[in-house]
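Student: Hey, can we go through this structure together? I'd like to start with the loops and then look at how the helices and strands fit.

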Amino acid sequence: MLKRTTSIAFLLVCGLYLGFSQNVNMKHFTTSDGLPSNEVFHVMQDSTGYIWFCTNNGVSRYDGYEFDNFTDGVLTGKALLYSYQDYKDRIWFASLGGKLFYFKNDSIHKFEWNNKLVKAFEGSPIPLKRGLHVDSSDNVYFAVRPDGIYKISSSGDLKHWVTPGRERTFVNDLGNKAIISRYSIHGDSIFVIKNDSVVYSLKNLQLRKKRGLSLIEKLGKDHYLLSSGVHVMEVKDQELKKLNHDKNNFIIEMKMNQARNIWLGYKKHGVKRFKDKNLKNSDLQLLKGRSVSSVLKDAHGGMWFGTLNKGCYYKPSKGIKSLANSNLLSSKNISYARIDKNGKIIIGTADNYINIIDNFREDSEAEYQRFQLNDSRPVKNTSALMQNHRIYFATDLFLYQASNYQYEDVRRVELVNKRIKNDTIVRNTGSVNTMCNLPGNQIAMGNAYGYFCSFSGSVTDSMNIKYIEWFLKDRVSSIIYDSLRNSAWIGTYNGLYQHQLNSDSLIYHGRKDSSLTQRIVDVKPLANRKLALATKSNGLIFYDIGKNVTTLINERNGMSSNQISSLAVNSDYLWAGTNYGISMINISAPREHIVQITTSDGLASNAINDIWINDSAVLVSTTKGLSYFNVKELNFNKESSAVYIKTISVPNQEVIHNPENKFEIAYPQNSLRLNYTSLTYDHDQDLTYKYRLRGLEDSWKYTSRNEIFFSYIPPGDYTFEIMVRNKDGVWSEKPRVVEFSVESPVWGSNWFITLMAVAIILIISSIMYLLFRNYQIKTQAKHDITRYQHQALSNQMNPHFLFNSLNSIHRYILENNSSYASKFLSKFARLTRLFLKNSQNHRIPISKELESIRLYLELENMRMKNKFDYTFDIDKNIDPSKIEIPSMLLQPIVENAVIHGIRYLHDRRGNINITIKKKGPLLQFTIEDNGVGRNKAAEIEQKNPHQSFGDSIISKRIELLNQLHNSFISLNYIDLYSENAGVGTKVILDNFPITYHYVEDVDS
């Protein structure tokens, strides 16, 4: 019985091909898709793989994704009737009016001898189809109606084949092709020309008046097919034969493809294919009601049909047919389709009808019937089941059966619930989502509430059921019987269960692997103890039951979608229906070879509801009709596809790239954009590409985009490689390669590096020199400070001071004032010792400086017999013992106040005031005396000169301190006057940095 069913299914599918051969799903391209005009005169594929369309509004080039239209410039307003590629890969176009154009270097050019051609035409020229050829000497052959054939040499010499009376037709054999003349009236002879000479002539059959020969196909050596529009004739071995053909249809296209099939395109009657070379019987007719002007079979087997008012149609090569807009179907939304044991096709539709189609035989009308199920819910996609001589149908509400496959008597089946533990009853068992045959005439069923089985055989109008109590809370999507393990595998919303029939036990496999907890919509057992599990949104899972290992196959591996609706198994392939077509997965190597079948291959829709396979017959239920085909007749594209680089650009500039040569990118433009395409046309989704940029990284990256952008590429040499995987899972045989280099920036060149090295050396040398020079200056400053300290000490301890002090001591001794002399001598010795000690340090506490000044003033006041007073005014915020100043800094100023100011007073008592203030982080020292003033002292000292170096020494020391510490210490002298007479001098030492001293020296 199985063998009989298989043969019936095979014959049925063959019958479908014959009886409904016009139900081919084709892509349709119009102006809304990018064509410049819906009036297409010719379709051609060039050697690269682009498809060209000659239209009533210029020409268009198609790469499988978008149309690149050439309608402006030299082609503005031009109707192009024919295209042709010559031996130099130039693509020629013949326009209405007889002008020629060609495409080269991505632009359209005028033929240089157009003006000469136009002047030679005697009528209103119309180019003939395939009436253009360029030989290896660049001679151009051009056939127009009504003038005939012209030959134009590369230098512009023109030759015209014309005979008096124009009652002759010329076939010009050009080696690999032939062109033909076309005249307005019938002729009586056909002349065959080779190498510009007539080699033989044929007596022409009488053609209809004003219908000369206008189409030619060269089938082989001295073998031609000719057409006048209503007649088709064959020239073979110098004999002429009229072929039988339907004279009521006017032929506007005649083409033989690589399979040696003859295609004839008709005005308003579509296109027919003839495998019979005598053109007696057509095995395929397409596009009824369309005027098919051009037929092309592309490099991958796809067929293109240009029309005169409806754009262009593309028929994929897979050979898939569809039933969609047919009176055989009550709805286009097909839930499922099966072939019963009598060879009838059972089709469930979303409108609750069951459609029965029978008698698919050649040259006969199909017989069909339908009935509507008595509820308002759709038929489930997997809820049709055949058992023995019955077929069951299930909906969301009820279960139905037809006995002995007699569909005139479909009756509802009542499900009788058997009560067991705790009087629990299966709820809503009339609703059945999925069914499966079990041994012993049992049927496993699942619905929204769980899983249950029929038992004790089948009953005509009722069915006893039992249920699994611990499984009522899960929604069942799929059940399949596995004879190898005598188990029912159950797919649910929460994962995979196994009902072991021998022990009537249940195993939840989600505990073994977390991936088996997903929503499973279909299950299929495979060989080698494996299961295929379809998930709702995470792709396909292969489950090795013995090893408890799962393998995920999803979009990353080549699946058309992760959302799977149904599964089917045939031979070595697993078929997965998705919301984006069918994925055929090689079971032995699931990640290596996946074939996609979509609407571009002929499916009625990419939204798949169900797949059913019996032997080689495949029925695909979609939301827009039923698709059907024979697996053995599927034409898979086993040839790899190449990637073609469309454009390469750097910022603000497109690169003119010769694939044979490497190009260079200047460093400021070191970002790169590449646009590419695969030039395959049997896809309706993005293809998968893999690429890498060798020199930057060696690993492959994957993308579905037709553009790659590298934002920053370091200087160096690079090789860009890219490959494409076609819909049938075949990768490019070898990658497309683009070699380029990124120039080093100016600062990366050798001369710049050398210059920078020299500059850096000079800069470092200069810095080192400056540092050394600064060190010398600071060292010299320290040395000068020390020297000036000693000079100050010498100045303080000058012989004059020593002489006066010793004279004072001597005078006290002579006056017998030994106590006073002893006191003076003691202070003098202490001052001398303090001067010597302070001079050993660069910096001393203010308290030490003030101590030496106080001793000095006491001695001078004793020597001058108590002639002046002195005071010290110290800011309360200043601790003299904790702030340092350079040693012997103030003493010379005080000495000048005594020697040059107080010393010359005679009319008033002298006074010296020393003030120290804090101004933020700085100090201010003021020494003010009420002496005679600097001007009066200068007059006196001119008579009795006293050389003093105190002023110059202190100024020099301050200058050196400013250099050494980057400070701004200032020294100012202010002369005090009263009624134009000098009354003293004020010296201000300002902006002196505060330096703290925390360990005070101990005077030993």
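Tutor: Sure. One term before we begin: helices and strands here are DSSP runs, numbered from the N terminus, with at least four residues for a helix and at least two for a strand. Also keep in mind that this is a predicted model.

Student: Got it. Where does P146 sit?

Tutor: P146 is in the loop between strand 11 (140–145) and strand 12 (148–152). The peptide bond leading into P146 from R145 is cis, with omega near 5°.

Student: Okay, next loop. What is phi for N486?

Tutor: Phi of N486 is near 45°, which is a positive value in a residue other than glycine. You'll find N486 in the loop between strand 42 (476–482) and strand 43 (487–492).

Student: And is N486 buried or exposed?

Tutor: N486 counts as buried, because its relative accessibility is 19% and the cut-off for buried is under 20%.

Student: What about N548?

Tutor: N548 also isn't a glycine, and its phi is positive at about 55°. N548 lies in the loop between strand 48 (540–544) and strand 49 (549–553). With 34% relative accessibility, N548 counts as partly exposed.

Student: Back to strand 42 for a sec. Which sheet order is it part of?

Tutor: The order is 42-43-44-45, an open sheet of four strands with antiparallel pairing. Strand 42 and strand 45 (505–508) are at the edges with a single partner strand each, so one side of each has no neighbour in the sheet. From one strand to the next, the twist averages 20°.

Student: How many bridges link strand 43 and strand 44?

Tutor: Six bridges, with strand 43 and strand 44 (residues 495–500) paired in the antiparallel sense. For instance, S487 has Q500 in strand 44 as its bridge partner.

Student: Cool, now helices. How do helix 5 and helix 6 cross?

Tutor: The axes of helix 5 (residues 818–838) and helix 6 (residues 846–863) come within 10 Å and cross at roughly 150°. That makes the two helices roughly antiparallel. The crossing of helix 5 with helix 6 is left-handed.

Student: Which residues meet there?

Tutor: From helix 5, they include Y820, F824 and L831, and from helix 6, L855, Y856 and M862 are among them. The residues of that contact divide into 10 nonpolar, two polar and six charged.

Student: Last one: how many residues of helix 7 are buried?

Tutor: In helix 7 (residues 891–900), 10 of its 10 residues are buried. Among them are I893, E895 and H900.

Terms used
Residues numbered from 1 in each chain as written. Predicted model: local features only at pLDDT ≥ 70, side-chain atom pairs only at ≥ 80, totals over all residues. Heavy atoms only, no water. Axes fitted to C-alpha atoms, helices over the stretch in contact; angles between N-to-C directions. Parallel < 35°, antiparallel > 145°, perpendicular 65-115°, else oblique. Left-handed = near helix turned anticlockwise from the far one by under 90°. Contact = heavy atoms within 4.5 Å. Nonpolar A, V, L, I, M, F, W, Y, C, P; charged D, E, K, R; others polar. Buried < 20%, exposed > 50% of the residue type's maximum accessible area, 1.4 Å probe, protein only. Pairing = 2+ DSSP bridges.
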